[in-house]
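Me: I would like to learn how to read a few features of a structure. Please take them one at a time.

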Amino acid sequence: MDINEKECTLCPRMCRVNRSAGERGFCGMGSEVYAARAALHMWEEPCISGTKGSGAIFFSGCTLRCVFCQNYAIANGSCGKMISVERLAEIMLEFQEK
């Protein structure tokens, strides 16, 4: 959802609800950010993360419901901890520094 848009199109379902007005779409999520895990992600997928690793943030509220998802318990629903957008940005900057 673009900051200037009112309709959510973040996922392929493009349900177009106004999450900032309290509406909930297929994902069941509102305007809050739920992160289940944030950690450095080292030594996996070197073609993506290079030789220094990367940061991985696992969000809750995925709408795809993939049968073989390795993170289904995290991705499905709101099992994560609600964090502010500011804290999310801080986490990303902390990963960048490391």
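Reply: This is a predicted model. Start with a polar contact: the side chain of Ser60 comes to 3.1 Å from the backbone nitrogen of Gly80. Ser60 sits in the loop between β2 and α2 (72-75).

Me: Is Ser60 buried or exposed?

Reply: Buried means under 20% relative accessible area. Ser60 has 9%, so Ser60 counts as buried.

Me: Which other residues of the loop between β2 and α2 can I look at?

Reply: Among them are Cys66 and Arg65. Cys66 is partly exposed, at a relative accessible area of 40%, and Arg65 is also partly exposed, at 30%. Arg65 has a phi near 55 degrees, a positive value in a residue other than glycine.

Me: Where else does a residue other than glycine have a positive phi?

Reply: At Met14, with phi near 45 degrees. Met14 belongs to the segment before β1 and is partly exposed, with 46% relative accessibility.

Me: How far apart are Cys66 and Arg87 in sequence and in space?

Reply: They are 21 residues apart in sequence, and their C-alpha atoms are 28 Å apart.

Me: How do I check the length of helix α3?

Reply: Count 1.5 Å a residue. Helix α3 covers residues 85-97, which is 13 residues, so a span of 18 Å is expected. The C-alpha atoms at its ends lie 19 Å apart, which agrees.

Me: Which residues of α3 are buried?

Reply: Leu88, Ile91 and Phe95 are. Viewed down the axis of α3, the buried residues fall within an arc of 55 degrees, so they line one face of the helix.

Me: Why do residues three or four places apart point the same way in an α-helix?

Reply: Because an α-helix has 3.6 residues a turn.

Me: What covers the buried residues of α3, and what is on the face turned away from them?

Reply: The cover includes the strands β1 (33-41), β2 (54-59) and β3 (81-83). The face turned away from the buried side carries Glu86, Gln96 and Glu97, which are exposed.

Me: How many aromatic pairs does a search of the whole structure find?

Reply: Zero. For a ring with a charge over its face, look at Phe26: Arg13 lies over that face, 3.8 Å from the ring centre.

Key
Residues numbered from 1 in each chain as written. Predicted model: local features only at pLDDT ≥ 70, side-chain atom pairs only at ≥ 80, totals over all residues. Heavy atoms only, no water. Helix = DSSP H or I, 4+ residues; strand = E, 2+ residues; numbered from the N terminus. Expected span 1.5 Å × (residues − 1). Buried < 20%, exposed > 50% of the residue type's maximum accessible area, 1.4 Å probe, protein only. Arc of directions from axis to C-beta. Contact = heavy atoms within 4.5 Å. Polar contact = N/O pair within 3.5 Å; in protein donor to acceptor, adjacent residues only side chain to side chain. Phe/Tyr/Trp six-rings, centres within 6.5 Å; stacked < 30°, edge-to-face > 60°. Lys NZ or Arg CZ within 6 Å of the ring centre and 35° of its normal.
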